[in-house]
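Grab a coffee and have a go at these short exercises. Each one comes with a worked solution.

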Amino acid sequence: MKIETRCVRAGYEPEEATGAVNVPIYATSTYAYRRFGEHRGWEYSRTANPTRSALERAVAELEGGADAVAFASGLAAIDAVTNLLQPGDRIVASDNLYGGTYRLLETITARHGIATTFVDASTSDLLSAAVTGTTRLILLETPTNPLMQLADIAAAARIAHERGILLVVDNTFLTPVFQRPLELGADLVVHSTTKYLNGHSDSVGGIVVAGTHELGERLHTIQNNVGAIMGPFDAYLVLRGLRTLAVRMAAHEANGRALASMLAHRRDVARVLYPGLPGHPQHDLASRQQGGFGAMISFDLGTLARARAFCDATGIFLLAESLGGVESLVCHPATMTHAAVPPAERERLGIGDGLLRLSVGIEALEDLEADLVQALDAAGKA
Ligand SMILES: *Cc1c(COP(=O)(O)O)cnc(C)c1O
């Protein structure tokens with residue numbers, strides 16, 4: 001079945017009692033035993049809850065995984081993945097990760113004796129060279145945030161598997177509609193469901209999809225022992241979001257492509273970072289590895305003053321962190337999502353004071369375009 005069909009039906013069949021076509025919100029913390037020593041398959045909602053389990057089945061199915069575990073946030077999901085490791089193990093990660101992931105690895109994970117080497121993962125040779133004898137896990141985001149650099153997932157999987165270590169891909173930006181890392185050899189996929197999977201900016205959550213039952217089991221155990229579960233109300237919202245994921249992604253992408261090309265034609269925009277542009281250095285890899293280019297676009301206005309004037313002038317594009325909702329957002333990474341990255345490191349990466357990132361929503365293209373044009377004109381006067 002095609003992904004559009006699977007989005008609508010994944011993870012749930014009408015239940016016996018009523019035939020309800022949607023999974024109920026099982027607002028329950030605990031479950032009555034049938035009799036002494038005999039439960040009905042459900043014991044306590046930290047361990048499992050039917051609404052959450054339906055979401056886990058759905059996302060596992062869409063990503064082509066064996067199992068999935070839904071968490072209270074994307075960062076809780078990534079933290080659980082790091083809990084597969086032991087003190088002394090090392091992680092190799094992309095060097096322009098989501099700011100919160102960088103902060104998690106540099107603070108909490110490092111304090112637990114698990115150090116991370118950050119590397120430009122857009123070059124497979126650099127990635128390979130960064131892996132040492134104690135590396136146990138490679139963590140990639142592709143495309144990266146906010147610089148839109150790609151990593152070759154199949155090449156990274158070969159590097160990981162030659163050395164018997166895990167490859168984890170954060171697939172938040174593209175979703176299984178446009179990219180399925182497990183099919184390319186990854187062992188685990190993580191998502192901030194806060195973004196496209198839920199898609200309506202009304203819930204925070206995360207999920208890890210495991211390629212094997214064994215890894216899924218280990219993650220369920222970690223979650224049960226730590227407790228950062230997704231609640232049933234949020235699981236319901238994300239399930240509802242999934243039903244329209246394919247049509248939303250198509251609408252996001254159509255707007256994203258058109259706006260990236262409009263920005264690329266403007267003289268007052270220094271550079272536009274979008275893998276769908278033929279001028280993107282990894283456009284070929286993007287066309288090969290991805291089923292679509294997504295709707296995240298970064299571009300540079302050169303100075304803080306212009307970036308500020310642009311953000312002050314937009315009307316439809318709301319100035320906010322986060323991404324992947326139906327509404328269009330603009331974000332200034334240096335002062336917002338990437339404020340935790342030290343200025344020198346930001347400079348080295350190319351996350352300058354003039355860089356802006358758009359999460360293009362599903363509004364009418366002409367309205368979005370008009371909003372950007374008038375904000376660019378306003379920025380030009382700053
Ligand atoms: C938002 C985000 C996260 C973190 O997810 P939360 O739900 O905010 O904890 C991780 N990775 C990427 C790519 C993200 O965009």
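Before you start: a residue counts as buried when its relative accessible area is under 20%, and as exposed when that value is over 50%. Also keep in mind that this is a predicted model.

**Exercise 1.** Work out whether Cys-311 is buried or exposed.

*Solution.* Start with its relative accessibility, which is 10%. The cut-off for buried is under 20%, so Cys-311 counts as buried. Run Cys-331 through the same step: its value is 1%, so Cys-331 is buried too.

**Exercise 2.** Explain why Cys-311 forms no bond with Cys-331.

*Solution.* First, find the cysteine sulfur closest to that of Cys-311; it sits in Cys-331, 8.2 Å away. Next, recall that a disulfide needs the two sulfur atoms within 2.5 Å. The gap is therefore too far for a bond. Cys-331 is in no disulfide either, with the sulfur of Cys-311 as its nearest. The count for the structure is zero disulfides.

**Exercise 3.** Find out which residues touch the most other members of the largest nonpolar core, and which helix gives the most to it.

*Solution.* The core has 87 residues, and the best-connected members are Leu-55, Ile-138, Leu-167, Phe-299 and Phe-310. Helix H10 (residues 245–264) gives the most, with seven residues. Now check the domains: domain 1 (3–242) and domain 2 (245–380) each supply at least three residues.

Then zoom in on Phe-310. Leaving out residues up to four places away in sequence, its contacts include Phe-299, Leu-301, Val-330 and Leu-356. Finally, there's a second, separate core of 26 residues, with Val-69, Ala-77, Ile-78 and Leu-84 among them.

Notes: Residues are numbered from 1 along each chain as its sequence is written. This is a predicted model: local features need pLDDT of at least 70, side-chain atom pairs count only at pLDDT 80 or more; totals for chains, interfaces and linings use all residues. Side-chain values use heavy atoms; hydrogens and water are left out. A nonpolar core is a set of buried Ala, Val, Leu, Ile, Met, Phe, Trp, Tyr and Cys residues joined through side-chain atoms within 4.5 Å. Buried means under 20% relative accessible area, exposed over 50%, partly exposed in between (1.4 Å probe, protein chains only). Helices (H or I, at least four residues) and strands (E, at least two) are DSSP runs, numbered from the N terminus. Domain bounds come from an automatic or database domain assignment. Contact means heavy atoms within 4.5 Å.
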